[in-house]
Every structure is written in C-alpha cells, then in structure tokens.
Amino acid sequence: MLSGLWYATGIGRRAGLGVSSGFRFVLLTEPGSPTPRSEIERELHEASMSEHETLPLSDFLEYPQPEMQARAEAFYGEIRRRHSLRDFSDRPVPRGIIETCIRAAGTAPSGANHQPWHFAAIGDPAVKALVREKAEAEERAFYGGKAGAEWLEALAPLGTDAEKPFLETAPWLIAIFAQRRGGPEAGQDLKNYYVSESVGIATGFLICALHHAGLATLTHTPKPMGFLNEICGRPESERPFVLLVTGYPAAGATIPRHATTKKPLEEIASFF
Ligand SMILES: Cc1cc2nc3c(=O)[nH]c(=O)nc-3n(C[C@H](O)[C@H](O)[C@H](O)COP(=O)(O)O)c2cc1C
C-alpha cells in the first residue's frame, strides 16, 4: 500500500512517470513521506504493467513427470553428441534448412524483445573464399604471437592454427552480428539492451537447431573480425559476434579429445 500522495489523470499519453495506456500518474510526495519515492515509483510501474496487452498462453505443453525426465535425458543424449567440427565436407545443404534454423534462433529471448541480431548466411563460393582470405590474415597474426603465450597454450590441445580451409569447404558460413541499436520492429533506431547476452542466447539456439537438424558447426571467431561488416554489407554499428561454420563432417573427420571432457554436474551446479 502506498502512503505517499498520488493521483492519476485521465491522459492517454506516454510521458513521465508510471504511465499506463490510459492514465498519467503524478507523484506528490513530501519530504519525510513514510513511503520512499522509489517504492511508489515501483508500484506505479507495476500498476502500469498491468495495462499491457495479453494473449492466452496456448502453446505450453505439460508432460507427466516420468516423461519429463525421459525428455530431459533424451535432449541431453542428443546435445552431448554436438561437437565443434573443423573438418567439413563440401556436400551441399539446402538453403531452406538454414532458413528454418535461423527462424528458430530468432525466437530466442532478448532484452525488451528488441532481437538485437542479424544472421548473414554466406553460401556463395566467391564470398566464402574472401572470408577465408581475410580470416586467415588475422589468424596468422594471432597465432604468430598476438594471442600471447597463455592463450596459445590453452588452444594447443585443440590443434588449431591459422589455416582455415573449412571456410571454403563448408557449404554455409553464418555471420552473426550484434546490434547496439534497433528495436522490436524493423527500421527502428532505439537503444538495445543486454545485447551480448541476447545474441549469445540466440547463437546457442542456432547451434542447437542446426545440430538437431543433423548438421555440424564450428563456432569460429577470427580476431578481429571487422572484415565481416564489409563483406556482408552490415553497418559499423553492428559488431560481428561469431562466424558459425555449418555443414556435414568430412569422411573420417576427427575431434580433439580435449574438447570432449566436460565438467561434471557437481562442479557446474549448486542447489539450495
Ligand atoms: C565464443 C567461442 C569462440 C570460439 N572460437 C573458436 C575459433 O575461433 N576457432 C576454433 O577452432 N574454435 C573456436 N571455438 C570452439 C571451441 O574451441 C570449442 O567449443 C571447445 O573446444 C569445446 O569443444 P566442443 O564445442 O566440441 O564442445 C569457439 C567457441 C566459442 C564458444
């Protein structure tokens, strides 16, 4: 209950404090008011939230608990077969599969639902060759010492180096860009919120969707990757986030043993 003085005027305008669709709240607190102004503001904010448009939740599916456990186990079984791949086949992958997986990524949660991401899917061999050329130039500097000894030591068990033939071999390279500005609708120029968190989650969705569809990926981050803006025609305000190499594994492809060791539950989780 509020104990400051406040009233609502019937002005349906979006301005000032604690605005709902039909009212403008005006705060009239006095010094020493028993309810702090911040608390009144929060309550007004909650009051304004109750005015938002809603839909019934119609697509939630509930499962009996044994089935939930089985589904959780099945998903774990499927996702633990995902591995970062660096040895791709040139076997084509239909564009429709990539499109659907990007649609799945686009359903990810994001700060204020601004969806601050762009996915540039590169299938053109000439463009892939250009990406490889630019990426390898950066990677040569990186592996040549720019990375520093500690980072190179951490990468050693993966066996990676500056050579990135998969950037041409794999049928698709999906460059993911993070947008500082945008908004929930196309063409808007508003501040975006929690951009890295949002784009990271969407990238995770995309990796899962591609894996679920039966494709392998590599999360690749040639450093720096500003060259992707020019190649993909993206504005300077967008930050290249990750280059997701996508396709089928080459015959006899291998993965580094080091990458298959995952921390046990006891180490990555705590329950209270
Ligand atoms: C943000 C991020 C950046 C990565 N960048 C690279 C990269 O540039 N080159 C590479 O070969 N692997 C890269 N990886 C892949 C990791 O090496 C790989 O995820 C890790 O070794 C675990 O292997 P797994 O994905 O098979 O579980 C990156 C992974 C992440 C999450």
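**Exercise 1. Work out which residues sit on the face of helix 3 turned away from its buried side, and what covers the other face.**

Step 1. Start with the outward face of helix 3 in this predicted model. Turned away from the buried side, you'll find the exposed residues Gly 96, Glu 99 and Arg 103.

Step 2. Now look for the buried residues of helix 3, which spans residues 95-105: they include Ile 98, Cys 101 and Ala 105. These cover an arc of only 65° around the axis, so they lie on the same side of helix 3.

Step 3. Ask what does the covering. Strand 3, strand 4 and helix 7 (195-213) are among the elements that cover the buried residues of helix 3.

**Exercise 2. Find out how many residues of helix 2 are buried, and how its reach compares with the expected one.**

Step 1. Take the size of helix 2 to begin with: residues 65-79, so 15 residues by the numbering.

Step 2. Check the reach. From its first C-alpha to its last, helix 2 covers 21 Å, close to the 21 Å expected at 1.5 Å a residue.

Step 3. Count the buried residues. The count for helix 2 is zero, and the helix is hardly covered.

**Exercise 3. Decide whether the two faces of strand 4 are covered or open, and name the strands that pair with strand 4.**

Step 1. Recall a general point: side chains in a regular strand alternate between the two faces of the sheet.

Step 2. Sort the residues of strand 4 (172-179) by side. Trp 172, Ile 174, Ile 176 and Ala 178 belong to one side, while Leu 173, Ala 175, Phe 177 and Gln 179 belong to the other.

Step 3. Check burial. Both sides are covered, with eight of the eight residues of strand 4 buried.

Step 4. Look for the pairing strands. Strand 3 (residues 117-122) runs antiparallel to strand 4, with six bridges between them; there, Trp 117 has Ala 178 as its bridge partner. Strand 8 is also antiparallel to strand 4, and eight bridges join the two. On that side, Gln 179 stands opposite Glu 238 of strand 8.

**Exercise 4. Explain why strand 7 counts as largely enclosed, then describe the surroundings of Thr 217.**

Step 1. Count the buried residues in strand 7 (residues 216-220). Four of the five are buried, so strand 7 is largely enclosed by the rest of the structure.

Step 2. Find the pairing. Strand 7 and strand 8 (residues 238-247) are antiparallel, with five bridges, and Ala 216 faces Gly 247 of strand 8.

Step 3. Zoom in on Thr 217, which belongs to strand 7. Thr 217 has 26 other C-beta atoms within 10 Å, so it is buried: the cut-off is 20 or more.

Step 4. List the contacts. Beyond its neighbours within four places in sequence, Thr 217 touches base with Leu 85, Ile 207, Leu 210, His 211, Leu 244, Val 245 and Thr 246. Tyr 248 is 31 residues away from Thr 217 along the chain, yet their C-alpha atoms are separated by 8.4 Å.

**Exercise 5. Pick out the unusual backbone spots and say where they are.**

Step 1. Have the background ready: most residues other than glycine have a negative phi, and most peptide bonds are trans.

Step 2. Look for a peptide bond that departs from this. Lys 223 and Pro 224 are joined by a cis peptide bond, with omega about -5°. Pro 224 lies in the loop between strand 7 and helix 8 (227-232).

Step 3. Look at phi. Asn 113 isn't a glycine, but its phi is positive, about 55°. Tyr 194 isn't a glycine either, and its phi is positive too, about 50°.

Step 4. Place both residues. Asn 113 is in the loop between helix 3 and strand 3 and is exposed, with 11 other C-beta atoms within 10 Å. Tyr 194 is in the loop between strand 6 (190-191) and helix 7; it is partly exposed, with 15 other C-beta atoms within 10 Å.

**Exercise 6. Describe the shell around the ligand by residue and by class.**

Step 1. Name the residues: His 83, Ser 84, Arg 86, Leu 158, Thr 160, Leu 218, Thr 219, His 220, Thr 221 and Ala 259.

Step 2. Sort them. Three are nonpolar, six are polar and one is charged.

Definitions and conventions:
Residues numbered from 1 in each chain as written. Predicted model: local features only at pLDDT ≥ 70, side-chain atom pairs only at ≥ 80, totals over all residues. Near = placed C-beta within 6 Å. Nonpolar A, V, L, I, M, F, W, Y, C, P; charged D, E, K, R; others polar. Expected span 1.5 Å × (residues − 1). Buried ≥ 20, exposed ≤ 12 C-beta atoms within 10 Å, placed from the backbone. Pairing = 2+ DSSP bridges. Arc of directions from axis to C-beta. Contact = placed C-beta atoms within 7 Å.
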